[in-house]
Amino acid sequence: MRISRLTLAFAAGLCAHYIPAAAQEVSQDQGEIQGAPQSEAQGEAQGEAEPDAASPPQEEQPATPLSLDDLIPSSAVENSESWAADGVANPAPNAPPAVEDVDDLDIVLDPATDPRRLALPEEVAVPDRLEADPQVEALAQIDAPDLVELPELAEVKISDELILAFPMDASLFPEQDRFIDRFRALSTIEALDGGDDTVPQLAARARADEELLVDVLRNYGYYNGEVVRQLSGGRRGVERGDDSQRERPVDTDPQVRFDILPGDRYSFGRIDLGGLSSASAVDGTALTDGFAIKSGDPLYADRIPEEIAGISFDLGENGYPFAEIGEPFLLIDHARTEGDLTVDVEPGGKYVFGEVVSDDPRFLSGRHLSEIARFEPGDTYQTTLQADLRRAVLATGLVSSAVVTPREVRAPDGEEPGEVALDVSLERAPLRTVSGAIGYGTEEGIRLEAGWEHRNLFPPEGALKLRGILGTQEQLASVSFQRNNFGGRDRILTIDAYASDLDTDAIDARTIALRATFERVSNLLFQKQFSWAVGGEVLLTDERNSTFFDTNIPRQEYLIGGLFARATIDGSDDLLDPSRGFRLTGEIAPDISQTQGTTSFYARAGVDATYYQPVGKHVLAGRLHLQSIAGAGVFDIAPSRRLYAGGGGSVRGYAFQAIGPRDDFGNPIGGRSLVEMSAEARIQTGLLGGAVEVVPFVDAGSVSTSIGPDFGVIRVGAGIGVRYKTSFGPIRVDVGVPLNPDEFDSPVAVYVSLGQAF
């Protein structure tokens with residue numbers, strides 16, 4: 001066996017101090033050392049003359065073992081490094097010769113003839129080779145997996161501190177955009193602000209985001225995906241200036257990169273919906289077919305709660321008020337790359353509606369609540385109809401809270417459904433209200449208003465209202481009775497008796513009237529696509545047109561009886577602040593009027609149309625209003641029943657009812673036809689969180705004494721307004737100026753109200 005020079009040098013250096021002692025230990029403990037060669041120093045110690053070759057060999061005497069003190073003298077303890085560097089000054093007997101230059105040695109050792117080899121016991125046989133191990137050979141037959149070839153990645157910069165890298169092949173991860181959006185919303189690094197402590201914070205948050213990325217991958221069905229995190233930067237470096245060869249220290253910004261390796265996308269495997277099949281046996285396959293997750297669909301975890309909510313809704317809408325749905329269980333099988341979904345559904349039997357029971361029948365009876373419900377006894381139970389009943393009870397304004405609970409009255413029997421009663425628990429709200437308001441308008445002057453009402457003085461839902469107005473142009477006192485949900489849901493009966501004194505730019509009238517209205521109208525809780533109103537009135541009025549120059553115009557009494565009907569189609573998206581859609585209202589009101597022995601018959605008819613078009617965040621709005629009176633001349637019609645234009649809801653920039661024909665003395669006389677047109681832009685400013693709008697507008701109007709419109713005189717006003725949006729609707733302030741005024745018009749008009757102009 002040939003030993004290389006490097007190996008021999010290493011052995012010589014390692015054993016410089018310890019080989020003699022070691023040889024002794026082996027000799028004493030493990031057996032004889034056969035024919036160990038002697039060094040030149042040992043030969044000289046035994047005698048100056050060597051025996052000749054013919055002399056018989058002398059018996060070797062065993063060497064005396066060296067003690068620890070002999071091996072490590074006191075000088076070595078005091079200066080161990082120097083002792084180790086010097087080596088052994090006086091080699092012990094049997095020690096190998098000192099090697100001055102290992103590179104000069106070229107020693108060949110034959111293990112068969114080397115006298116220093118260790119003798120082995122005769123009974124120990126060393127085999128030429130080890131016997132084969134069957135288990136090891138079996139393992140060797142298994143094909144080693146091929147190395148995974150990683151896809152090429154493309155970086156997506158999320159922020160200065162964060163980069164995500166995805167496969168360049170979009171087909172490997174089609175959910176990438178949704179994945180990024182969700183990660184942005186949940187990332188802790190995204191919420192990190194820069195600063196001196198950014199590096200440690202970034203490292204901690206990177207670990208949290210790594211777990212988040214794995215969770216989001218699983219949300220989209222990638223259960224064997226991997227995320228590799230890399231944190232770089234955040235250390236001081238050097239850079240060489242352009243104008244100098246000197247280097248200066250710089251700081252590098254910390255940054256985290258995540259390599260997203262989605263892997264295989266898992267699919268839904270077996271779907272087990274528990275007892276839902278029993279409900280489907282009654283209702284066909286509609287319930288099970290309604291569960292949109294099917295075997296083989298991508299395993300998107302978001303779909304599970306959505307579809308479970310769909311099961312709950314479908315059961316509630318098909319007559320199962322007591323259905324119970326357990327927590328979903330998803331079993332992931334990595335071998336099949338599938339997830340088996342189990343949802344424990346217990347339908348609990350099918351039912352129909354029974355009676356509605358109130359826990360406060362003297363306040364709101366069960367019979368009255370049944371009238372406002374949108375179902376009849378015997379109808380299949382629906383959760384949405386139960387919720388709708390609760391909303392209707394709250395909309396009365398008589399209760400502060402309401403709880404509706406289904407209660408089994410009769411259990412299902414085979415295919416015959418059971419019956420449930422709805423128990424309604426009520427908590428009364430304050431029923432009396434005192435209200436007041438004060439206002440001022442440049443054209444209307446001061447206006448004070450006060451009111452009192454009891455909303456359930458005549459149960460159920462019979463309200464009594466008292467109202468009074470004291471102002472520059474109007475004084476009024478009225479008493480009203482109102483019954484909500486009269487004869488059906490959302491129907492209101494109102495009977496109003498009032499006395500008023502009205503003195504505007506057009507009319508000076510003192511009136512006593514009785515008016516009744518039966519209507520179905522929209523409110524803030526229930527905006528309706530179709531609403532209507534019908535009614536009638538009787539009034540006795542003493543009036544004339546207001547005068548500017550001729551104060552001797554006599555007053556005239558009128559006894560008027562009339563009917564009216566109105567219908568509205570509402571396709572807008574909001575009652576007080578629409579931004580898209582339209583509204584269309586038509587009305588007709590026949591009157592019979594008697595004055596000074598003359599009886600007149602005439603009918604008022606009109607149409608009002610509005611349209612709203614969003615443009616980005618802004619809204620363009622337009623309005624057209626047409627009205628006409630047929631059947632009588634202008635002076636056969638009481639001044640208060642004629643047509644006028646002008647004001648905040650008509651042509652802004654002009655006073656209320658200030659637009660219309662005038663007599664030779666400049667007194668307004670009103671007309672029999674009316675045209676109003678308005679256009680405005682509702683521009684979002686972004687002020688106060690988007691609550692402020694600026695609204696430039698242009699209005700125009702014309703009034704004619706003929707039955708058809710006459711555009712000989714058209715009044716135009718323009719201006720700008722501000723809207724401040726609140727939870728109950730926008731507060732409106734408009735400032736308008738007349739563009740073609742006459743001598744009776746003010747140079748500017750201001751309007752303040754609640755809601756948009758139209």
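**Exercise 1. The cavity lining**

How do the residues of the lining of the largest cavity divide into nonpolar, polar and charged?

*Solution.* The model is predicted.
Step 1. Find the cavity. Searching the whole structure gives one cavity of 30 Å³ or more. The volume of the largest cavity is about 30 Å³.
Step 2. List the lining. Arg-623, Gly-648, Gly-649, Ser-650, Arg-652, Ser-678, Ala-757 and Phe-758 line the largest cavity.
Step 3. Sort the residues. Ala and Phe count as nonpolar, Arg as charged, and Gly is placed among the polar residues. The lining therefore divides into two nonpolar, four polar and two charged residues.

**Exercise 2. A salt-bridge network**

Which residues are linked with Arg-723 and Asp-734 in a network of salt bridges, and where in the chain do Arg-723 and Asp-734 lie?

*Solution.*
Step 1. Start from the total: the structure holds 45 salt bridges. Side chains of opposite charge can pair when their charged atoms come close.
Step 2. Take the pair named in the task. Arg-723 and Asp-734 form a salt bridge whose closest N and O atoms are 2.7 Å apart. Arg-723 belongs to strand 28 (residues 715-726) and Asp-734 to strand 29, so this pair ties together parts that are 11 residues apart in sequence.
Step 3. Check the accessibility. Buried means under 20% relative accessible area. Arg-723 has 0% relative accessibility and so counts as buried. Asp-734, with 0% relative accessibility, also counts as buried.
Step 4. Add another pair. Glu-680 and Arg-682 form a salt bridge through their side chains, at 2.8 Å from N to O, and both residues are buried.
Step 5. Write out the network. Salt bridges link Arg-652, Glu-680, Arg-682, Asp-699, Arg-723, Arg-732 and Asp-734. Arg-652 is also one of the residues lining the largest cavity.

**Exercise 3. Another charged pair**

Are Glu-453 and Arg-455 buried or exposed?

*Solution.*
Step 1. Identify the contact. Glu-453 and Arg-455 form a salt bridge, with 4.0 Å between the closest N and O atoms.
Step 2. Assign the class. Glu-453 and Arg-455 are both buried.

**Exercise 4. The nonpolar patch**

Which strands each supply at least two residues of the nonpolar patch?

*Solution.*
Step 1. Collect the members. Phe-530, Ile-569, Phe-582, Leu-584, Val-607, Tyr-611, Leu-624, Leu-626, Met-677 and Phe-711 make a nonpolar surface patch of about 870 Å².
Step 2. Assign strands. At least two patch residues come from each of strand 23 (581-595), strand 24 (598-615) and strand 25 (618-630).
Step 3. Follow one member. Leu-584 sits in strand 23. Its relative accessible area is 37%, so Leu-584 is partly exposed. A patch residue needs over 30% relative accessible area.

**Exercise 5. Distance in sequence and in space**

How many residues apart in sequence are Pro-747 and Tyr-654, and how many are Gly-719 and Pro-738?

*Solution.*
Step 1. Place Pro-747. This residue is in the loop between strand 29 (729-738) and strand 30 (749-754). Its relative accessibility is 67%, so Pro-747 counts as exposed.
Step 2. Give its separation. Pro-747 and Tyr-654 are 93 residues apart in sequence, with 8.7 Å between their C-alpha atoms.
Step 3. Place Gly-719. Gly-719 is part of strand 28 and, at 23% relative accessibility, counts as partly exposed.
Step 4. Give the second separation. Gly-719 and Pro-738 are 19 residues apart in sequence, and their C-alpha atoms are 8.8 Å apart.

Technical notes:
Residues are numbered from 1 along each chain as its sequence is written. This is a predicted model: local features need pLDDT of at least 70, side-chain atom pairs count only at pLDDT 80 or more; totals for chains, interfaces and linings use all residues. Side-chain values use heavy atoms; hydrogens and water are left out. Patches are made of residues with over 30% relative accessible area and no salt bridge: like charges are joined within 9 Å, nonpolar side chains (Val, Leu, Ile, Met, Phe, Trp, Tyr) within 5 Å. Accessible areas come from the Shrake-Rupley method with a 1.4 Å probe; for residues, only the protein chains shown count as cover. Helices (H or I, at least four residues) and strands (E, at least two) are DSSP runs, numbered from the N terminus. Buried means under 20% relative accessible area, exposed over 50%, partly exposed in between (1.4 Å probe, protein chains only). On a 1 Å grid over the protein atoms alone, a cavity is a set of points where a 1.4 Å probe fits but cannot get out, and a pocket is an open set with protein on both sides within 12 Å along at least five of seven lines; lining residues have an atom within 4 Å of a point. Grid points are joined across faces, edges and corners, and a volume is the space filled by probe spheres set on the points.
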